[in-house]
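Q: Please take a close look at a single part of the structure shown here. A connected account is wanted, which begins with that part and then turns to its surroundings and to the rest of the assembly.

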Amino acid sequence: MEICETYANDRHRMLDILLDVQDRFRWISPKVMETVARQTGLSRIEVEGVASFYSFLSQTPKGRVTIRLCNDIVDRYAGLEEVAKAFEEVLGIKVGQTSNDGAFSLEYTPCIGMCDQAPAAMVNDVVLTKLTAETARSAAEALKAGTSPSKLVNERFDDLTAHEQATRMVDNNIRHAGEVLLGPVPEEAGLGKAVGLTPTQIITTVENSGLRGCGGAGFTTGRKWRFAASEKAEKTFVLCNADEGEPGTFKDRVLLTERPHLLFEGMTIAARAVGAKEGILYLRGEYVYLRKLLEGVLAERRRRGLLGKDILGVAGFDFDIRIQLGAGAYICGEEGALISSCEGLPGEPKTRPPFPVNRGYLGYPTVVNNVETFCHAARILDRGAEWFHAMGTEGSHGTKLLSVCGDCLNPGIYELPYGHTVWELLEMVGDEDAAAVQVGGPSGTMIARDSFHRRLTFDDLATGGAVIVFSGERNILEIVEYYMSFFVHESCGYCTPCRVGNVFLQKAIQKFRKGLANAEDIEYLKELSGTIIETSRCGLGMTSPNPILTTLKNFPLVYSAMTKPSKDRIRATFDIQSAIDDARRIAKRRSYIFDKDFSQ
Amino acid sequence: MSGTEKETGFTFTIDGVEVTAHAGQTIMEAADEAGVYIPRLCDHEGLRHQGGCRVCTVKAGGRSVAACTQPAAPGQAVENETPHLSKLRRDLVEMLFHEGNHLCPICEASGNCELQAMAYRLEMVEPTKFPYLEPCRALDASHPDIALDTNRCISCGRCIRASQDVDGKGVFGYVGRGIHRRVAVNGENLAHTDAKVTDHAISEEVCPVGCIIRKRVGFVTPIGEREFDKGLIGHEIEEKRHD
């Protein structure tokens with residue numbers, strides 16, 4: 001089969017193969033799985049393991065046009081329901097269905113990184129933003145009349161440059177440009193200086209700058225590079241994590257659109273520091289609309305001698321980058337899972353140790369850094385460690401991109417030095433009336449007004465970038481329930497506590513929302529959360545109970561208002577009506593005792 | 001690993017008991033050799049470590065880690081049987097009970113079942129508080145000698161590794177994600193695979209629960225004379241220590 005041959009029948013390119021299969025046949029049939037298995041020398045079950053893991057791969061036929069509505073909480077509050085209804089009515093299918101003629105599929109998908117312009121949707125590879133019932137209706141009607149998705153964006157879409165195409169689909173919403181990333185950036189200045197330095201000098205510079213990973217975990221970048229550089233190995237790899245899936249995060253989207261050269265410059269510098277010849281940009285499937293733009297930038301860099309052999313004329317400085325597209329899996333933002341995904345496996349985290357810097361991609365030492373981190377590194381090489389170190393606060397140096405969304409006047413990107421208080425940020429975004437702010441997305445911290453004096457630093461309120469603002473009209477428990485359902489959807493299922501425990505947490509929150517909880521259930525939430533955090537295998541399970549734990553701490557009244565004491569030794573959580581429902585159905589009659597309006 | 005490195009042993013402690021290990025050994029491997037039992041479900045002698053069930057969670061150097069995958073470190077103080085860890089393990093075992101359909105009285109694995117035995121060992125004696133997920137997956141009885149009831153599967157993956165690494169086959173694999181992740185077979189059903197009842201993956205010792213069923217031998221050993229009727233799970237390892 002030619003798709004497999006495009007990738008030299010390489011099993012490590014399984015995700016690419018299956019994405020191409022999905023694009024062409026709209027599903028991955030058992031027959032295709034057998035063919036792919038044969039071509040790549042795997043068993044069918046191994047192919048099926050990959051095909052069934054990623055949300056954007058399907059084992060049932062999908063429509064020629066697949067519409068994925070982002071159902072993040074921010075989109076819901078921005079009017080998702082009416083948008084979904086408009087699509088349903090025009091296309092004649094419900095969300096989750098495919099039309100009988102195979103033309104359309106309509107489904108929900110978690111955060112696609114467009115929370116500053118919600119509600120948003122992906123229509124095949126095209127992104128539609130700021131949807132309303134009216135625009136959704138006209139888009140659906142146009143699609144039904146045979147208009148290609150890209151024409152929904154612009155009549156002459158194909159004549160636009162890749163950058164124009166991307167920015168016509170998606171606004172960047174840069175609200176505040178800081179000194180490091182979004183202000184003026186001279187071309188290749190960092191790389192130019194890096195070629196004059198030894199790898200050790202590069203690493204020392206990055207170490208001295210105090211740069212820490214910007215994806216959320218905050219590991220010291222220089223140390224990561226030093227570990228990888230000190231490994232004696234045949235090959236070393238540099239991977240860029242552009243899988244920002246944390247609901248409410250969209251900062252990397254803006255860098256990928258506006259600073260792709262800076263990103264690749266940073267990766268090239270990292271490659272020189274650790275002696276890597278090959279790099280991978282892991283681009284989340286939701287950002288497929290940026291692929292053409294990024295491929296174009298890579299091609300341009302190869303032409304200009306900034307990638308490929310003897311970069312900038314330095315003999316032996318060889319490095320190139322390929323793009324690995326993801327396929328809808330939040331867990332792939334975890335570095336081990338990201339590596340698994342690049343290797344053509346289900347996106348499951350790897351057992352640590354060994355750490356990726358020792359044995360990562362295909363067993364070789366691997367540096368994995370976030371998009372923003374690489375961009376910072378390139379700027380640090382240009383301007384020096386001290387310049388960067390002087391910004392921010394002790395332990396949190398430099399600037400940070402914050403993606404702000406939710407109930408505020410100016411959602412978008414703010415590049416600020418570390419150390420601002422939440423109040424200061426809210427002043428800038430135009431919402432001093434906020435009732436709650438989710439810092440760092442669902443895996444971060446939900447704070448109330450009494451904590452708005454806290455600072456955005458690694459030591460106080462750490463964030464990978466997401467800041468979601470909620471007004472007093474929002475239901476905290478509804479938000480928490482949504483976030484728990486997100487983690488249930490995105491858990492890889494490898495370990496027991498995260499796979500099963502999060503489902504239990506979700507069910508417990510549902511009980512609170514229905515008013516069926518009692519005081520003991522608060523203890524239950526805390527205990528269960530504790531077990532999940534302590535026994536989970538990776539960062540997902542170690543943070544997934546945070547929506548519950550941080551709201552229990554900062555919004556205790558919300559929970560106590562929803563609990564009631566148990567009466568008559570019957571636990572309030574016991575709902576007799578739903579308990580006897582099955583029996584009622586089977587017996588085909590109602591309960592004489594428990595149905596109040598029972599009459600014969 | 002060179003021979004000399006392997007011989008250079010070091011010691012660490014588990015609940016205060018000194019244990020000898022060599023470089024590259026996991027905490028659990030060293031513990032097993034020393035006759036200290038660390039509860040586990042997904043780990044099984046002779047198979048690759050997976051670190052999925054997390055029942056072997058111990059505290060090492062103040063951090064909670066899976067003993068089956070965490071390398072032993074010289075001088076480290078490992079906690080194993082503390083009330084806190086037993087509580088975590090009990091929670092995990094309860095999660096597995098509630099995730100599937102585990103009705104011991106009607107299960108032919110009762111008495112040989114490691115999940116059941118682990119519940120006894122961890123003193124899971126009170127009614128549990130978790131909700132039941134009650135899966136409803138079709139029984140696969142297509143194979144002449146083997147049946148599969150994945151409603152009882154605990155996703156330990158021992159059959160997957162045994163089939164791949166010991167039998168050199170690949171009859172089983174994981175499919176799906178999250179709570180929908182489960183063990184499936186390489187084909188439409190078990191009859192369409194090259195599984196044989198003589199495979200190591202199908203043998204009594206590999207599946208810890210009553211998911212992989214060998215037909216026509218169900219009650220050859222009567223209840224009361226089964227493996228865990230004779231002693232707590234882990235007693236074989238612990239007996240080494242008393243020797």
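**Helix α5 of chain B and its setting**

A: In this predicted model, helix α5(B) is followed by Gly168(B), a residue with a positive phi near 65°. The helix itself covers residues 158-166 of chain B, and because seven of its nine residues are buried, it is largely enclosed by the rest of the structure. The buried positions are Arg158(B), Cys159(B), Ile160(B), Arg161(B), Ala162(B), Ser163(B) and Gln164(B). The cover over these buried residues includes three strands of chain B, namely β7 (172-175), β8 and β9.

Two of these covering strands, β8 (182-185) and β9 (212-214), bound the loop that holds Leu190(B). Leu190(B) has 22 other C-beta atoms within 10 Å and is therefore buried, the threshold being 20 or more. Beyond its neighbours within four places in sequence, Leu190(B) is in contact with Asp140(B), Ser142(B), His143(B), Ile146(B), Leu148(B), Val185(B) and Ala195(B). Phe172(B) is 18 residues away from Leu190(B) along the chain, and 9.2 Å separate their C-alpha atoms.

A contrasting loop position in chain B is Glu134(B), between α4 (114-121) and β6 (146-148). Glu134(B) has a positive phi, near 40°, and is not a glycine. Only 10 other C-beta atoms lie within 10 Å of Glu134(B), so this residue is exposed, the limit being 12 or fewer.

The chain around the helix can now be described as a whole. Chain B contains seven helices and nine strands, and 46% of its 243 residues are buried. Its C-alpha trace spans about 55 × 45 × 35 Å along the principal axes. The radius of gyration of chain B is 19 Å, which agrees with the value near 18 Å for a compact globule of 243 residues. Among the contacts in chain B with a separation of 6 or more, 65% join residues 24 or more positions apart.

Chain B also meets chain A, in a contact that takes 31 residues from each of the two chains. On the side of chain B, α3 (83-99), β7 and β8 each supply at least two residues; β7 and β8 are also among the strands that cover α5(B). The largest share of this side, six residues, comes from α3(B). By class, the side of chain B that touches chain A has 14 nonpolar, 11 polar and six charged residues.

The partner, chain A, is divided into five domains: domain 1 (2-51), domain 2 (65-171), domain 3 (175-389), domain 4 (392-470) and domain 5 (476-561). The C-alpha centres of domain 2 and domain 4 of chain A are 29 Å apart. Helix α12 (residues 221-230) and helix α14 (residues 260-274) of chain A have axes that come within 8 Å and cross at roughly 45°, which makes α12(A) oblique to α14(A). There, Trp225(A), Ala228(A) and Ala229(A) of α12(A) meet Ala270(A), Ala273(A) and Val274(A) of α14(A). The contact comprises six nonpolar residues, with no polar and no charged ones.

Chain A also has backbone features in its loops. Ala118(A) and Pro119(A) are joined by a cis peptide bond with omega about -5°, and Pro119(A) lies between β2 (104-109) and β3 (121-123). The bond from Arg352(A) to Pro353(A) is likewise cis, with omega near -10°. Lys130(A), although not a glycine, has a positive phi of about 45°.

Methods
Residues numbered from 1 in each chain as written. Chains lettered and ligands numbered in written order. Predicted model: local features only at pLDDT ≥ 70, side-chain atom pairs only at ≥ 80, totals over all residues. Axes fitted to C-alpha atoms, helices over the stretch in contact; angles between N-to-C directions. Helix = DSSP H or I, 4+ residues; strand = E, 2+ residues; numbered from the N terminus. Parallel < 35°, antiparallel > 145°, perpendicular 65-115°, else oblique. Contact = placed C-beta atoms within 7 Å. Nonpolar A, V, L, I, M, F, W, Y, C, P; charged D, E, K, R; others polar. Domains from an automatic or database assignment. Rg over C-alpha atoms; globule rule 2.2 N^0.38 Å.
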